[in-house]
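Work through the exercises below with the structure on display. Each task is followed by a solution in steps.

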Amino acid sequence: MALEIAAWSATSPFGHGHDAFAAGVATGAPAPAAQVSDEWFPGPDTAHLVPDFDIQDLLGRKGTGVMDRTTALAVHTIGLLGEQDQRVRIDARTGVVLGTTSGSTLTQFTFTAHSLTRRKPYLVDPAQMPFALMNSAAARGASWHGLTGPNTTLAAGRLSAVAVLRYADRLLRTGRASGLFAGAAEEYSGPRALLERRAGNRARLGEGCAVLFVRAVPEGNRSAAATVVALDTRLAGDGEQRAALTASLRHALTGVAPEEVWGLAVSGVDGVESEAVREVLGMPVERVVEPSRLVGDTGAASGVFGLAALLALAERAGAARGRVAVATAVERDGMVGCVVVRLPGGPVGEGSGT
Amino acid sequence: MVVTGLGVVSSIGTGAVEYAAGLRAGRSGARPIGAFDTTGFAHAVGCEVVGFEPRRWLAAPATLPRAAQFAASAATMAVRDAGLDGLADARTMISVGTTDGSGDRGERIAGAVVRGADVTAAQVAQVPASWLSVGVARELGLSTVDVSTVATACAAGNYAIGDGYDAVATGDVDVALCGGADAMCRMTFTGFYRLGAVDPVHCRPFDTDRKGILTGEGAAVLVLEPLDAALARGARIYAEVLGHGLNCDAGHPVAPDRESVARCMRLAIEDAGLVPGQVDLISAHGTGTRANDVTECGAIRDVFGDTPPRTVAVKSMLGHTMGAASALSAAACVLALAHGFVPPTINHVRTDPECAVDCVPNTSVEADLRVVQNNALAFGGNNSVVLFGRKP
């Protein structure tokens with residue numbers, strides 16, 4: 001690994017931008033939730049939605065007529081990150097790598113419903129088509145902000161943080177990209193609620209987008225939010241996710257002393273991830289953050305929200321300086337994984353797994 | 001780095017041998033669509049895979065969506081074709097490109113809700129697009145493996161192969177299984193139909209009378225490994241992977257950008273350490289739509305001058321298989337290099353002067369090929385170009 005997180009931003013149920021998310025995470029109290037209901041999932045359901053997120057108010061009218069919320073969240077968050085932070089430098093090789101579960105389920109279902117219920121099956125809105133594709137958020141994010149470098153969408157669900165960072169690392173090491181907006185977005189919608197509830201997920205759902213600006217670790221000193229030192233994924237057999245995550249953590253944390261680990265962000269709510277980390281370290285982690293309790297289950301965005309939460313807390317915690325933070329992820333398809341980052345402010349350690 | 005295994009599921013032949021025979025014969029996969037109800041459409045021809053028997057390759061196909069069955073079957077074929085007994089000890093990556101993922105499964109759920117029918121846990125379990133790569137890992141019994149489902153629409157196969165190339169070249173993995181897969185779905189057909197971009201009869205890229213795409217389905221997976229590793233185990237080598245390039249138009253949502261497409265080709269050629277004059281054949285994105293073919297051929301002339309290399313479109317045979325398209329096209333490039341022939345562009349009558357390429361109409365030709373270029377363009381301006389060379 002040779003990747004640094006130069007800066008980050010988020011559009012979340014806590015509000016718009018880095019500071020709103022950091023302040024929300026610092027309080028430790030969940031963001032406001034609202035009752036929601038639509039034709040796809042009458043519910044009623046309670047969800048953490050991004051406040052004040054009117055797409056046309058935020059992005060203007062051009063190109064937004066049928067834009068899905070996932071795409072809008074990504075376009076908006078990339079914009080916030082570019083404006084907010086002078087460490088984000090853009091050239092022709094600056095690109096975008098975003099994670100998703102399956103794109104905008106609402107757009108896909110609406111398009112299909114139009115075809116099935118209108119007078120003729122082809123009386124669909126062709127302008128919706130690009131937004132029904134999974135690459136819409138990354139592609140529109142690039143066009144909105146003039147990013148002509150590599151532009152990739154990875155459908156990794158809750159493993160998205162690990163997947164996009166692994167992919168981004170390779171693009172940076174090979175010189176194919178100079179810097180990357182790497183993150184993930186997930187919208188709340190009735191169709192998504194339907195799929196999650198039918199799959200047995202009882203967590204309160206949320207939505208949002210978190211984006212990191214990553215670049216190759218430079219020679220010499222430069223301020224960064226964190227350095228990615230290791231990541232790992234495993235495919236677990238049925239009922240073996242905890243064991244697989246333990247193996248993954250052991251690999252990624254090779255050379256890291258247990259007391260060096262300051263923070264942990266978990267993707268789920270059931271305690272499996274915390275237990276695996278405790279087993280590997282032999283001691284509890286000082287600071288554990290559960291983004292799903294704060295902003296809801298944000299699906300593909302959950303892992304990047306976890307990293308952002310750790311970075312936000314570390315910015316305000318002297319005890320975090322120079323230490324290590326871990327974000328874990330578990331998905332229903334059997335995939336497990338983790339990202340290990342070294343926080344700034346202290347000597348950069350040598351220990352890393354890969 | 002070399003290609004030592006191929007797995008193919010396609011409308012013109014399954015397995016590397018049958019697929020190569022189909023390409024050489026100029027076989028057409030076009031037939032009436034049976035994957036979904038086409039009532040109300042004036043025409044509905046597509047390139048479906050018929051008679052697909054996943055149990056020939058897979059232990060538990062029923063739990064996987066159709067596109068993941070294609071991907072896992074192609075991957076299993078590719079591993080066997082490469083003579084890799086087991087991958088348990090190798091550091092392996094699996095990267096599968098796709099446009100629609102499990103979109104066909106999502107559509108059925110949307111349809112059920114519209115009808116007021118129940119939606120079951122088993123149905124929703126198949127929807128996440130991650131299954132296309134995770135399903136491969138599960139079928140191959142791999143745990144410590146890097147998996148990616150690359151969702152860069154219709155260029156996704158090349159993106160996956162490009163990442164596989166980088167993963168092997170950097171030493172991150174020993175073996176990469178990479179390609180693309182998609183299953184026919186109503187959404188893609190309906191969208192292109194609405195845009196007036198589906199040909200009523202067959203797909204005829206570069207032809208004056210072309211009327212658009214035919215939607216298709218299938219999968220292709222390539223096994224990539226370092227040359228010395230392939231030689232050390234005495235593996236059969238199909239071709240070399242020379243390099244790749246990727247970029248983004250950052251422009252129009254659906255219309256390709258000639259200058260940006262040209263830039264992507266130059267990036268790939270430079271990455272391979274070549275100059276344009278060394279490319280013997282281009283397997284074009286070549287969809288058969290008016291916009292794509294003119295823009296792509298213009299970009300080709302910008303890079304190669306007024307006498308570009310032969311430029312063929314295998315979509316004339318396979319239809320547009322979406323995320324599988326550039327993977328199937330890559331498999332065609334690899335087979336062309338290995339067997340010394342150029343697959344034809346079928347259904348061709350008269351070349352559009354605005355395209356003006358030698359598309360090798362209707363009949364394949366023998367050719368001594370050294371370098372073949374595989375183009376892929378996607379909605380959203382996601383371009384990727386991969387270069388293959390004759391085996392060293």
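A salt bridge is a side-chain nitrogen of Lys or Arg within 4 Å of a carboxyl oxygen of Asp or Glu. The model is predicted, so local features need pLDDT of at least 70 and side-chain atom pairs count only at pLDDT 80 or more, while totals for chains, interfaces and linings use all residues. Residues are numbered from 1 along each chain as its sequence is written, chains are lettered from A and ligands numbered from 1 in the order in which they are written, and side-chain values use heavy atoms, with hydrogens and water left out.

**Exercise 1.** Describe the interface of chain B and chain A.

Step 1. Contact means heavy atoms within 4.5 Å. By this rule, 55 residues of chain A are in contact with 69 residues of chain B.

Step 2. Buried area is the accessible area (1.4 Å probe) that two parts lose on being put together, summed over both. For chain B and chain A this comes to about 5,100 Å², with 66% of it on carbon and sulfur atoms.

Step 3. Six salt bridges are counted between the two chains. In the salt bridge of D166(B) with R176(A), the closest N and O atoms are 2.7 Å apart.

Step 4. Helices (H or I, at least four residues) and strands (E, at least two) are DSSP runs, numbered from the N terminus. On the side of chain B that touches chain A, α7(B) gives the most, with eight residues.

**Exercise 2.** Find how many disulfides the structure holds, and explain the case of two cysteines.

Step 1. A disulfide is a pair of cysteine sulfur atoms within 2.5 Å. Over all chains the count is zero.

Step 2. Take C178(B): the closest cysteine sulfur, in C333(B), is 14 Å from its own, which is too far for a bond. Buried means under 20% relative accessible area, exposed over 50%, and partly exposed in between (1.4 Å probe, protein chains only). At a relative accessible area of 0%, C178(B) is buried.

Step 3. Take C203(B): its sulfur is 7.5 Å from the closest cysteine sulfur, in C47(B), again too far for a bond. C203(B) is buried, at 1%.

**Exercise 3.** Place A356(B) in its surroundings: is A356(B) buried, exposed or partly exposed?

Step 1. The loop between β11 (341-342) and β12 (365-366) of chain B contains A356(B).

Step 2. A356(B) counts as partly exposed because its relative accessibility is 40%.

Step 3. Leaving aside residues up to four places away in sequence, A356(B) touches T351(B) and R301(B). R301(B) is 55 residues from A356(B) in sequence, yet 9.4 Å away in space, C-alpha to C-alpha.
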